[in-house]
Amino acid sequence: MMSRSLKRLALAGALAGSGLALAAGPVQAVDRSAKTVPVRLLALNDFHGNLEPSTGSSGRMVDETGATVYAGGAAYIATHMAQMTDKNTLKVAQGDLIGASPLISAAYHDEPSVEFLGRLGVTASAVGNHEFDEGYGELRRIMYGGCHPVDGCSPAGQWKGARYDYLGANVLFKQPTGTAEKQALAAFGDPKNAGALRALLKNYGVPALPPVAIRWMNGVPIGFIGLVTQSTPGIVTSEGIKDLRFIDEVKAANVASKLLSLVGVKAQVVLMHEGDQAAVGKSPDSCSAEPGAGTRIATQVDPQIDMILSGHSHQAYLCQVTDPAGGKRLFSQGASFGRVITKVDFQVDVRTRDVVRSTVAADNQVVTRTVDPDPETSTFVQTWKDRVSQISDRPIGKITAEITNAAAPSGESPLGNLIADAQLAATRTGGNAQIALMNPGGVREKLTYASSSAGEGDGVVTYGEAFAVQPFNNLMQVVTLTGAQLKTVLEQQFTGGPNAQPFTKILQPSSNFTYTYSASAPWGSKISDMKIDGVAVTDTQTIRVAANNFLVGGGDAFQGFTAGTDLWSGPLDIDAFTAYLAAAGTITPPVPNHITVAP
């Protein structure tokens, strides 16, 4: 017989506001004559609002035969999903479904993408770091509905909220409220659990998002635990998450697993927005993951957890790892941009309600474009494409040749230099900027020299193409740094320092700023010969440095920016970029020669 706490839990799913609220599906009767029942999971990760098929390398995928095929696109995802869906299917996701999106989605704060995923039947997803691009408040609006506080309602009307639950067990309030704890206790209902729950909360905290979701399939409950990379504070704008903290994924998963166990949910799946890199060119069904942050979590979380579906690193792999009790469990990821759907089939023991791990069978199915696109989804995408076309097709400037974001040996790129120059131009008046620095990860696409959709001929740059380069809508800011502090920022481009930079990230400089770095020199002594407009920079002079608010807040491990004073805020980065392109008329690709590399 189902426990009273589990019955109460099914009714408490609506408590998905703040605090430790749960998302629970309707309770189903179980067939007691069966020993096991089947469950199928279909999973997506890192969709990033790619409603239209991606172009270039982002739209290609190596399939199980080793061939490179075109993949992705909402209408093709819908067709493949329909072909794989049976009566035993639950659809889930592993975060970054929105954010860093093409204009067709981003222009409407990704409401079109969330609507598509709801239509697709996604029932639960981990939050990714990009779900926080516009801050926690905007994420809650996406989750629960309402019009955007600045831009108002989209052409579709008032946003009704996501049809699926966003989960984040390791996203906690810095200063939890008593109300949140009361909601946590109410969600579990049965008073006999209150003591155990309070003990868990005492050493854990109160999540700012639902930590788990429970879904019923064939009479048995399946528990989903959501996790996002602990590195989120370093890769999103700090202001938007100022009231949150992101704790260790393993600790949070283990607490969430115990919470599920408290209410009798033994079949447990982690939806995790963290993953590993993988060998290039391998089949998506191979175990090509190179052990890293994802493997650490997958091998250390509680043995009660049966499988880990991951994301974040945009790789495709199917691995079997060993849990702390010596058992084997699935650890997988399905690439990015809707190019792969991870299908997982397994049996759940009716008596124990636990996954029979020996029955777990996984397949990373490539979303090929050789199938007929789903007509309803095609119409849906075209509707949004038509709505945004007046914005995206507007010509804003011209280029004489392709301007690439590929890095030169120094680490700078022609497009990075161009963006930095645009940001300097936009912040000189008002912000008194003297130089500008741009984070390389924010330069998402190159500017191609090809006929535009506006039909204006080769070299025309449209707003949509410019937006694809800078899709984050970051705010331009200017701070004052001393020469010594600027040197510290540049030292923080390299690994080995106290900032724990995971890999070298060369900031893109405006063309009036030059310096030399030595890759072989010890950290702290790599930077030399800094000059602004040809004049040497001293340690004591003050410099007005322009950068986006992501960097100014210490993003990408550039904590040196947080020492800046006299903060000034200006236009959005995309507005600075498009204004510069328009004012310049025709632009020749810059030469990336502002950084000298010494032995």
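**Side-chain pairings and covalent links in the predicted model**

In this predicted model, lysine 526 is placed over the face of phenylalanine 494, at 5.3 Å from the ring centre. A second arrangement of this kind involves lysine 505, whose charged end sits over the ring of phenylalanine 503, 5.0 Å from the centre of that ring. Pairs formed between aromatic rings number 9 in the structure.

Side chains of opposite charge can pair when their charged atoms come close. The count of salt bridges comes to 18. Among them is the pair of glutamate 52 and lysine 385, with an N to O distance of 3.3 Å. Distant parts of the chain are linked by this pair, the two residues being 333 residues apart: glutamate 52 belongs to the loop between β2 (36–44) and β3 (60–62), while lysine 385 belongs to helix α10 (residues 375–392). Glutamate 52 counts as partly exposed, at 29% relative accessibility, and lysine 385 also counts as partly exposed, at 38%.

Within helix α5 (residues 136–144), glutamate 138 and arginine 141 lie 3 residues apart, about one turn of the helix. Their side chains meet in a salt bridge at 2.8 Å, N to O. Glutamate 138 is buried, with a relative accessible area of 11%, and arginine 141 is likewise buried, with a value of 8%.

A further salt bridge joins glutamate 249 to arginine 296, with the closest N and O atoms 3.0 Å apart. Here the pair connects helix α8 (residues 249–262), which holds glutamate 249, with helix α9 (residues 293–300), which holds arginine 296; the partners are 47 residues apart. Glutamate 249 counts as buried at 3% relative accessibility, whereas arginine 296 counts as partly exposed at 30%. In addition, salt bridges link Glu115, Arg119, Arg163 and Glu376 in a network.

A disulfide is a covalent bond between the sulfur atoms of two cysteines. The structure holds 2 disulfides, and with bonded cysteines counted along the chain, their pattern is 1-2, 3-4. One disulfide joins cysteine 147 to cysteine 153, with an S to S distance of 1.6 Å. The torsion about the S-S bond of cysteine 147 and cysteine 153 is about 60°, and the disulfide is therefore right-handed. Cysteine 147 is partly exposed, with a relative accessible area of 24%, and cysteine 153 is partly exposed as well, with 40%.

The other disulfide is formed by cysteine 287 and cysteine 319, whose sulfur atoms are 2.1 Å apart. The torsion about the S-S bond of this pair is about 105°, so the disulfide is right-handed. Because cysteine 287 lies in the loop between β13 (277–278) and β14 (289–290) and cysteine 319 in strand β16 (residues 316–322), the pair ties together parts that are 32 residues apart in sequence. Cysteine 287 counts as exposed at 51% relative accessibility, whereas cysteine 319 counts as buried at 6%.

Glycine 223 is found in strand β10 (residues 220–228). With a relative accessible area of 0%, glycine 223 is buried. Apart from neighbours within four places in sequence, the residues in contact with glycine 223 are Ala213, Leu260, Val265, Ala267, Gln268 and Val269. Alanine 213 is 10 residues from glycine 223 in sequence, and the two are 5.8 Å apart in space, C-alpha to C-alpha.

Technical notes: Residues numbered from 1 in each chain as written. Predicted model: local features only at pLDDT ≥ 70, side-chain atom pairs only at ≥ 80, totals over all residues. Heavy atoms only, no water. Phe/Tyr/Trp six-rings, centres within 6.5 Å; stacked < 30°, edge-to-face > 60°. Lys NZ or Arg CZ within 6 Å of the ring centre and 35° of its normal. Helix = DSSP H or I, 4+ residues; strand = E, 2+ residues; numbered from the N terminus. Buried < 20%, exposed > 50% of the residue type's maximum accessible area, 1.4 Å probe, protein only. Contact = heavy atoms within 4.5 Å. Salt bridge = Lys/Arg side-chain N within 4 Å of Asp/Glu carboxyl O. Disulfide = S-S within 2.5 Å.
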